[in-house]
Amino acid sequence: MGLIGATAEDVEGDMIKRVCEVDVGSTGLLSRFEPLIVSVVANPSQYRCPVLQTSAVLALSKYMMISHQLCEKYLQLLFTVLEKSADMAVRANTIVAAGDLAFRYPNLTEPWTPHLYARLQDPAPLVRKNTIIVLTHLILNDMIKVKGQISEMALVLEDKDESIAANARFFFSQLAKKGNDIYNVLPNIISHLSDPQRLVPREKFRNITRFLFSFVQKDKHCESLVEKICHRFRATGSEQQWRDLAHCLTQINFNDRCVRKLQDNFTCYQDKLVDRDVYTSFTSVTNKAKKFAKPETKALITELEEMMKTAQQKGLEELEDEREGEGDGEESEKKREKEENGRNASLSPPPIPLSRKKAKTTSKKASKQLRLQTPAKGRTEKVKSKVRVGTTRRLKALPVALESDEEKENSEWNEDDDFRTDVLTSARRAVANSGSITRRRPVRRVRGQKIRQLVFSSDEDEQSER
């Protein structure tokens, strides 16, 4: 083509990329297998063979390595398999493939970096081992920036598997040779590991910090770390965090300037000296600083020790006062409650005995029952009619309004026989009880026969109606 040097290499590289994108990503022969591979990887419940799953994941990762378009398209699927796959071999192979993709396309894989660090806590030792190897390769070659997630690497220093812990120690030892990376990351590691939500055991935390502080040797770094840790006391709220930070101070090589930094920032931690472990750590710091200190520095150290003692005594006295105040407050509240109960008892009327209450309730119930059982005087039965009431006339004796026996025999009833018998029986009963009878006008006819509706009422009811 007539091109020489770097330009020719660039042209060849562009041509190779174009061929890879066409053959794999769009219309080539290899692109025909893409739907099959994706189907096997995305449906592990349908394709349950472990060998098939492993082969499909490796094939997909190689397709993604060749084509930038396919890598961007299936990167989410690959990391989903990395987290949710139940097969240890699939996860172990996927983490290696993800590392290769991070080296090939660092800009695409940068948002997925926390998912790589998360595999350091995988239950399978093989997955953790592959992860520490991949991250070591990426970080030392500057393909991944060292950020806050490096605390996950620090936890691996205390892994149960000795080979994995050895790989972690190798990583930090190589990282310390690159410059100030450990010094820059150490405050974030301390803050993450001392977080109460992480629940890192005390001995595990102390072993990790002891190993990491061994790489901090410069005086400037020690002075800066002393100041940062002292300021960190203000942002903490639990006693365990105070103890962890105080222990970190014991791991620093103190010089004259470090002692002055510790004295200048005394207000940051003076209220934490009440805790016994915190005070013990600070006394060990001062004793350690006295060994190689100048006479002037020793005077500063003795002054600092006196300040620490006074602060501790003051804090203990305040704690005792608070406890006594809480006890006095509880006693005063109890006295007030007793006084209020006494006042309420003096103002309230004397209680009624239970025997009297029961007697009153039983008498009321008995009187109600007697009223229901005894009928009112002079009352008689009433036969209520559904027709309109007309003019009434008082009769002292039973009139010939009731039909005679002959009329009863001659009459022909086709319906309402029961009604007629009820009226007659009620009338006879009223006569027997010597009640009063009120006659009303006829309201119904059955084949020429009259039915007179009779209503019986007492003298008292009739007077009330008038």
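Which residues of α5 are buried? Keep that in mind while you load the chain. This is a predicted model.

**Whole chain**

Show everything as a cartoon first. The protein chain has 22 helices and 5 strands. Of its 466 residues, 36% count as buried. Take the contacts between residues at least 6 apart in sequence: 68% of them join residues at least 24 apart. Switch to a surface. About 30000 Å² is exposed, and carbon and sulfur atoms supply 51% of that area.

**Colour by confidence**

Now colour by pLDDT. The chain averages 76, and 66% of the residues score at least 70. Go to α8 for the highest mean among the elements, 94. Strand β1, residues 394-395, has the lowest, at 38.

Select residues 370-415. Here pLDDT stays under 50, and the model has 55 contacts beyond four places in sequence for this stretch. Then select 434-463. This segment also stays under 50 in pLDDT, with 79 contacts beyond four places in sequence.

**Helix α5**

Select residues 88-104. This is α5, a helix of 17 residues. From first C-alpha to last it reaches 25 Å, close to the 24 Å expected at 1.5 Å a residue.

Back to the opening question. The buried residues are V90, R91, A92, T94, I95, A97, A98, G99, L101 and A102. Show their side chains, and keep the helix repeat in mind. An α-helix has 3.6 residues a turn, so residues three or four places apart point the same way.

What do the buried residues of α5 pack against? Turn on five neighbours: α3 (50-66), α4 (68-84), α6 (106-109), α7 (113-118) and α8 (125-140). The last of these, α8, is the element with the highest mean pLDDT.

Before leaving, zoom in on the start of α5. A side-chain oxygen of D87 comes to within 3.3 Å of the backbone nitrogen of A89.

**Salt bridges**

The structure holds 14 salt bridges. Side chains of opposite charge can pair when their charged atoms come close.

Pick E152 and R198. Their closest N and O atoms are 3.1 Å apart. E152 lies in helix α9 (residues 150-155) and R198 in the loop between α11 (181-193) and α12 (202-213), so this salt bridge ties together parts 46 residues apart in sequence. E152 is buried, with a relative accessible area of 18%. R198 is partly exposed, at 28%.

Next, select E162 and R169. This salt bridge has its closest N and O atoms 2.8 Å apart. Is E162 buried or exposed? E162 is exposed, with a relative accessible area of 51%. R169 is partly exposed, at 31%.

Move on to E227 and K261. Their side chains meet in a salt bridge of 3.4 Å, N to O. The pair links distant parts of the chain: E227 is in helix α13 (residues 219-232), K261 is in helix α15, and 34 residues separate them. Both partners are partly exposed: E227 has 29% relative accessibility, and K261 has 28%.

Now select R202, E239, R243, D275 and D277 together. Salt bridges with shared partners join these residues into one network.

**The loop at N255**

Stay with α15 and step back to N255. This residue is in the loop between α14 (239-250) and α15 (256-264). Which backbone nitrogen lies 2.8 Å from a polar atom of the N255 side chain? It is that of C258. The backbone nitrogen of R257 lies 3.3 Å from a polar atom of the N255 side chain. Leaving out residues up to four places away in sequence, N255 touches D219 and E223.

**Last stop: F233**

Select F233, in the loop between α13 and α14. F233 counts as buried, at 0% relative accessibility. Show everything around it. Beyond its neighbours within four places in sequence, F233 is in contact with W242, L245, A246, L249, C268, Y269, K272 and F282.

Finish by measuring to one of these partners, Y269. The C-alpha atoms of F233 and Y269 are separated by 6.1 Å, and the two residues are 36 apart along the chain.

Methods. Residues are numbered from 1 along each chain as its sequence is written. This is a predicted model: local features need pLDDT of at least 70, side-chain atom pairs count only at pLDDT 80 or more; totals for chains, interfaces and linings use all residues. Side-chain values use heavy atoms; hydrogens and water are left out. Helices (H or I, at least four residues) and strands (E, at least two) are DSSP runs, numbered from the N terminus. The expected span of a helix is 1.5 Å times one less than its number of residues. Buried means under 20% relative accessible area, exposed over 50%, partly exposed in between (1.4 Å probe, protein chains only). Contact means heavy atoms within 4.5 Å. A polar contact is a pair of N or O atoms within 3.5 Å; within protein, one must be able to donate a hydrogen and the other to accept it, and residues adjacent in sequence count only if both atoms are side-chain atoms. pLDDT is the predictor's confidence in each residue, from 0 to 100. A salt bridge is a side-chain nitrogen of Lys or Arg within 4 Å of a carboxyl oxygen of Asp or Glu. Accessible areas come from the Shrake-Rupley method with a 1.4 Å probe; for residues, only the protein chains shown count as cover.
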